[in-house]
Amino acid sequence: MSKYMVDKFIRAVELGDATVAEYVADPPAFVERWLAGGGGDATGPTDDRVLTEAEQAAFGARDFGALYALGAHPYLLWHFIEAVYEHEYTEGFGWRELVERYRAAVAPQGLVDYIP
């Protein structure tokens, strides 16, 4: 498990609207590009980009319950979720529904150890 890299990936996506749009368009492809060093990060490749298969799968599936269970920092994760789902708000699915969906996904996990 690489909690630091999970939080680093979340931050990389949240850097701006363009990176959020890239991630939302194709999460598995964004994860792959990021791991290769070009996933929307203008700083270029680094050699410390390691996510476990479970972490990659969770980001690829936008599975925030799994990300929480894997140790994503709750504050960072919530803002990541807001950014990723904001464009999907419709009548009947908005911020309140997203909060309830998030709560339902993370509550069964209890308090996880999110300290890297």
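Q: What follows helix 3, and what's its phi?
A: Glycine 37 comes right after helix 3, with a positive phi near 105 degrees. Keep in mind that this is a predicted model.

Q: OK, and helix 3 itself, which residues are buried there?
A: Across residues 27–36, the buried ones are Pro27, Phe30, Val31 and Trp34. Looking down the axis of helix 3, those fall within an arc of 100 degrees, so they line one face of the helix.

Q: Why would that spacing put residues on one face?
A: An α-helix has 3.6 residues a turn, so residues three or four places apart point the same way.

Q: What do the buried residues of helix 3 pack against?
A: They pack against helix 1 (3–13), helix 2 (17–25) and helix 4 (53–60).

Q: And which residues are exposed on the other side of helix 3?
A: Glu32 and Ala36 are exposed over there.

Q: Switching topic: what's up with the phi of arginine 62?
A: Arginine 62 isn't a glycine, yet its phi is positive, about 50 degrees. Most residues other than glycine have a negative phi.

Q: Where does arginine 62 lie, then?
A: In the loop between helix 4 and helix 5 (64–69).

Q: Is arginine 62 buried or exposed?
A: Buried, because its relative accessibility is 18% and the cut-off is under 20%.

Q: Last one, threonine 19: where is it, and why does it count as buried?
A: Threonine 19 is in helix 2, and it counts as buried because its relative accessibility is 7%.

Q: What lies 2.9 Å from a polar atom of its side chain?
A: For threonine 19, that's the backbone oxygen of glycine 16.

How values were computed:
Residues are numbered from 1 along each chain as its sequence is written. This is a predicted model: local features need pLDDT of at least 70, side-chain atom pairs count only at pLDDT 80 or more; totals for chains, interfaces and linings use all residues. Side-chain values use heavy atoms; hydrogens and water are left out. Buried means under 20% relative accessible area, exposed over 50%, partly exposed in between (1.4 Å probe, protein chains only). Helices (H or I, at least four residues) and strands (E, at least two) are DSSP runs, numbered from the N terminus. The arc is that of the directions from the helix axis to the C-beta atoms. Contact means heavy atoms within 4.5 Å. A polar contact is a pair of N or O atoms within 3.5 Å; within protein, one must be able to donate a hydrogen and the other to accept it, and residues adjacent in sequence count only if both atoms are side-chain atoms.
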